[in-house]
Each structure stands twice: as structure tokens, then as C-alpha cells.
Amino acid sequence: MSGETTWSFVSRVAGCYGLDADALAGRWRWVNHRPRHGSGARRADAETVLDTAGRQVLAQLCGVEEEVLARALPSWGREEDEVAGWGTAGMPRGMWRVGGAVVGPVAFGCRLCAARRTGGPVRVVRYAARWERVCVRHTRWSSDADADGVPEHLELHEVPEAVRAQRRWAGVARRAVRAGVDPGEVFGVAWAVVCRWWESALLWEREEVWPRRLHAVAGGDAGGDFEWWRVVGRDAVTFPEVVAVADALFDPAMAERLWRDSGAERPRMLPADGVFCRELGERVGRAWLGPLIAVDYGGPLIAWMGAVIRGRRDGAGQGPGVAGSGVGLGWVDDPWRVRQEDRPATTAALLRSLSKERKAGGSGTLWRSTVSAEERALIGELVGEAEEQLVGLRGAQTGSTADAARRYGRGDPGGRVFRRSVRLAEDVGSSDPPVPAAGAVPGCTSPPARHAM
């Protein structure tokens with residue numbers, strides 16, 4: 001199957017011989033061990049990099065010419081120099097790698113599509129970008145293969161808008177290519193914007209669409225393990241909005257509205273009731289969303305808006321109100337680059353964080369993963385100021401350090417900063433954010449807490 005990982009293909013070849021994949025793996029000399037998750041389970045996104053002799057062995061086993069395999073397997077012939085430095089020359093060798101480090105994101109393939117091509121519903125692992133995850137034929141969402149313990153696919157029979165969004169994305173990608181912009185960069189900006197909304201959605205009183213979809217992809221009820229399902233189902237649930245936002249951000253008419261909101265040739269602060277944000281909310285089916293996202297400062301959307309406005313004023317925009325490709329611009333002025341702190345965490349990273357948080361038993365050691373970047377910066381700054389002032393007490397107080405800290409916290413000069421930072425940290429570690437009943441997912445027995453990032 002096109003785009004398949006080499007190890008997934010080896011596993012299918014072994015199945016044709018009635019063998020386990022591990023038995024067939026003995027045909028190669030491995031220079032390292034197979035990658036595993038922290039739990040000890042084998043990673044589904046494991047990839048094999050073979051040297052020249054190793055590729056010849058695989059071609060002989062499956063009876064397919066190497067040129068054909070090179071077109072079908074993206075990792076074919078990659079990192080050959082690293083494998084060649086191990087073992088005896090001429091011996092077929094292989095090296096274990098993680099698929100995401102060799103080619104790109106790895107996802108499970110649709111078993112029903114695999115059955116049509118191979119004659120059996122075998123598991124297939126393939127390289128697939130995040131905008132290629134919907135199987136339109138069988139209405140399924142392919143999950144990330146690098147996550148531990150996730151289902152291979154999520155059913156989308158009750159989320160037909162996701163299938164429509166997959167078809168719609170093809171048009172957005174074609175427009176991006178014609179404008180000289182990488183479609184992946186356009187999708188990346190839209191994905192970052194919508195994932196930030198997803199983190200705030202628990203506090204949206206009028207949100208009804210995402211809870212319904214989350215229940216649907218969870219098989220009818222996500223209340224059994226709400227936090228886990230909210231991580232696993234995020235990309236499938238938000239995919240229609242991601243495509244709609246990508247379409248809007250690449251629309252010259254929307255860029256023109258943003259230009260007018262900024263005051264055009266007479267710069268001004270972006271208004272909270274701007275036409276751009278209002279229409280963006282309408283395009284994602286939420287007419288009430290505009291005022292909320294207009295005041296969400298510091299996120300990827302406001303960064304994109306600022307880059308577009310600066311490019312227009314500097315004459316870098318390509319055409320009236322069009323966000324250009326960013327070629328020749330700096331990092332800050334490129335509208336299609338997402339800052340590191342704004343890039344969404346992957347499903348695998350979120351699940352690892354959630355697992356660590358649960359194992360911590362409420363110790364609060366992972367409080368940084370539960371708050372936004374702005375809150376982390378504020379708390380960190382306050383704690384840093386308190387530490388500096390505590391150091392200043394050394395030698396100025398009598399008694400033990402603990403006694404000096406207690407007097408400092410009760411009312412000594414500068415204690416206000418220390419007390420405020422302690423209260424903020426306690427609030428983050430001990431209290432759950434309020435969840436409006438209308439914005440919560442029906443069927444939950446208790447208000448869902450914000451999941452770990």
C-alpha cells in the first residue's frame with residue numbers, strides 16, 4: 001500500500017507466509033533494539049531502515065522489484081549510511097527507528113481499505129499528514145500510530161461534516177499551491193488556532209457542537225473517561241473547524257476585512273467587535289464566538305493577524321488583502337509560521353502527560369501542564385521575585401530560615417508578591433476550572449477538569 005512503513009509491509013509479508021513478523025525479522029542483523037513506549041509496549045510506529053543487502057532480501061521475499069518498493073515505501077533507502085557502519089559488509093542489516101523521525105507523522109491505515117487491496121483486514125501503518133486522516137469511503141478517522149493504547153480508528157458515521165471537510169480541504173490545498181504557499185503550513189496555522197479554542201471550549205457556555213461529536217466518536221458516551229477521550233478525539237472532532245479556518249485565513253476577502261479592522265492606512269487597535277473575528281466565528285458555525293476570539297491575545301490567531309497587517313503595510317502582501325507566501329520574510333513576519341509555544345501538543349504527548357498526572361496522585365508536580373503559557377509566565381515571574389526577596393532576607397533576620405520566611409509571608413515588606421504567587425500556585429493545583437452546564441459534555445457524572453497538556 002502506498003505510503004506504508006517498511007516494518008508494516010514486512011509484517012504483512014510475514015503474514016502471507018503464515019509467520020509472525022518477529023520470525024521474519026531474523027533474516028536481518030539488527031544494530032539496535034525495537035522502540036517501545038514507556039509502558040513497555042511495542043510502538044506501532046516502529047520503522048526499519050535497511051541497507052542495500054537488506055533491501056535485496058526484502059525484495060526477494062515479497063517478489064517485488066526494488067524500484068516498485070521504492071515508490072511505495074517512503075523510508076526505502078533512507079539513512080543507509082548510518083546502517084552501513086555496523087556489522088560485516090555484505091550481511092543484510094537493519095536499524096530500528098521511530099517513523100516520525102524518518103519521514104513524518106505516522107497513522108494507522110483503514111483496515112477495510114486494506115482488505116479490498118490485500119484480501120484480509122490486516123493492520124496497516126502508514127505515513128499520513130494530519131489533513132489525510134479521513135477515509136471518505138468508510139467514514140473513519142485514522143488515529144496517530146505513535147500514541148500508546150489508542151484505537152486504530154474512530155467512527156465518523158455520526159460526524160458527516162468531517163467527511164465533507166476532507167473533500168473541502170482539497171480545494172484549499174490547491175489554492176495554497178497556486179499562491180506559492182505550502183498547504184501544510186496553512187493547515188498548521190489553522191490547527192494551532194482551533195486547538196487553542198479547544199482548550200478554552202470547556203468554559204464556553206454556548207458550545208454544543210464539539211460535545212456532540214465527542215460523544216459520537218467515543219461510541220455514544222465519553223463520560224466514562226472524559227479526559228482520555230478529550231485527548232484521543234480532539235483532532236477528529238475539530239477537523240471540520242480546522243479546514244473552515246484554513247479556508248478563511250486564505251480568503252482574500254477575509255484578509256481585506258482584517259485590514260479594515262486594523263484601520264488600514266491609519267493604524268489603530270483591533271476592536272473587540274471587528275468584522276474579521278465576527279465572520280470567522282460565523283464560518284465555523286458559531287456566531288457568538290467572534291468577541292471571544294477577538295480578545296484572545298497571545299495566541300496563534302493574533303500572531304497571524306499581526307503578520308498579515310504588517311505585511312500589508314510594508315507592501316509584502318501579494319495582492320489586495322492576500323497573505324503572501326512569507327518567502328523572504330523574517331520568522332515574525334511570516335504569517336504561515338507557528339511559534340513553538342503555540343504549536344499544539346500531539347495526542348501521544350498529551351496522553352503521556354495525562355498518565356504522569358494521574359500517577360502523581362494530585363501532588364501538583366505537573367501544574368505547568370494544566371495552565372496556559374501566559375499564566376505559566378506570570379506565576380514563574382512572581383515566584384522568581386519571591387525567591388530573590390527571600391535571598392535578600394539572608395543575614396537580615398534572626399532565627400531559622402523557616403521563621404524568617406513565615407514572618408516574610410505574614411507581613412514583612414515585599415511579602416505581598418510572595419503571598420500572591422503562593423495563592424496562584426495553590427489555585428492551579430487544588431481547584432478545577434468552573435464548567436458551565438451547557439458547555440459540558442452530557443452524560444458526565446462530574447464536571448470534567450481541564451486535561452493535561
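Does histidine 37 count as buried or exposed, and at what relative accessibility? In this predicted model, histidine 37 has a relative accessibility of 12% and therefore counts as buried, the limit being under 20%. Its place is in a loop, the one that runs between strand 1 (29-30) and strand 2 (46-50). Beyond its neighbours within four places in sequence, histidine 37 is in contact with Arg42 and Arg43, and also with Asp146, Ala147 and Asp148.

It helps to set this loop residue against the chain as a whole. The chain has 453 residues, and 47% of them are buried. Its secondary structure comes to 20 helices and eight strands. Of the contacts between residues at least 6 apart in sequence, 67% join residues at least 24 apart. The exposed surface of the chain amounts to about 22100 Å², with carbon and sulfur atoms supplying 52% of that area.

Helix 1 is a good place to begin a closer look. This helix is mostly covered, with eight of its 11 residues buried. Among the buried residues of helix 1 are Thr6, Ser8, Phe9 and Val10, along with Arg12. Just after the helix, glycine 18 adopts a positive phi of about 75°. Tryptophan 7 also belongs to helix 1, which spans residues 6-16. Tryptophan 7 counts as buried because its relative accessibility is 5%, and the limit is under 20%. Leaving aside neighbours within four places in sequence, the contacts of tryptophan 7 are Ala21, Asp22, Ala25, Arg34, Ala46, Glu47, Thr48 and Trp96. One of these partners, threonine 48, lies 41 residues away from tryptophan 7 along the chain, yet the C-alpha atoms of the two are separated by 5.6 Å.

The nonpolar interior comes next. The largest nonpolar core has 85 residues, and those with the most contacts inside it are Trp197, Val245, Phe276, Leu280, Leu301 and Trp304. Helix 9 provides the largest share of this core, with 11 residues. A second, separate core has 19 residues, including Leu24, Ala59, Leu73 and Trp96. Leucine 280, for its part, touches Trp197, Val245, Ala248, Met254, Ile293 and Leu301, when residues up to four places away in sequence are not counted.

Trp197 is also a contact of leucine 289, together with Trp204, Gly281 and Val284, again leaving aside neighbours within four places in sequence. Leucine 289 sits in the loop between helix 14 (275-283) and helix 15 (290-294). With a relative accessible area of 0%, leucine 289 is buried, since the limit is under 20%. From leucine 289 to glutamate 279 the distance is 9.3 Å, C-alpha to C-alpha, for a separation of 10 residues in sequence.

Helix 9 returns in the description of the second largest pocket. This pocket holds about 470 Å³ of space. It is lined by 20 residues, of which Arg130, Trp131, Gly184, Gly188 and Trp191 are the closest to its centre. Helix 9 (residues 183-200) gives the most to the lining, namely five residues. Sorted by class, the lining of this pocket consists of 11 nonpolar, four polar and five charged residues. Helix 9 thus appears twice in this account: it gives the largest share of the largest nonpolar core, and it gives the most to the lining of the second largest pocket.

Note on methods: Residues are numbered from 1 along each chain as its sequence is written. This is a predicted model: local features need pLDDT of at least 70, side-chain atom pairs count only at pLDDT 80 or more; totals for chains, interfaces and linings use all residues. Side-chain values use heavy atoms; hydrogens and water are left out. On a 1 Å grid over the protein atoms alone, a cavity is a set of points where a 1.4 Å probe fits but cannot get out, and a pocket is an open set with protein on both sides within 12 Å along at least five of seven lines; lining residues have an atom within 4 Å of a point. Grid points are joined across faces, edges and corners, and a volume is the space filled by probe spheres set on the points. Helices (H or I, at least four residues) and strands (E, at least two) are DSSP runs, numbered from the N terminus. Ala, Val, Leu, Ile, Met, Phe, Trp, Tyr, Cys and Pro count as nonpolar, Asp, Glu, Lys and Arg as charged, and the others, Gly among them, as polar. Buried means under 20% relative accessible area, exposed over 50%, partly exposed in between (1.4 Å probe, protein chains only). Contact means heavy atoms within 4.5 Å. Accessible areas come from the Shrake-Rupley method with a 1.4 Å probe; for residues, only the protein chains shown count as cover. A nonpolar core is a set of buried Ala, Val, Leu, Ile, Met, Phe, Trp, Tyr and Cys residues joined through side-chain atoms within 4.5 Å.
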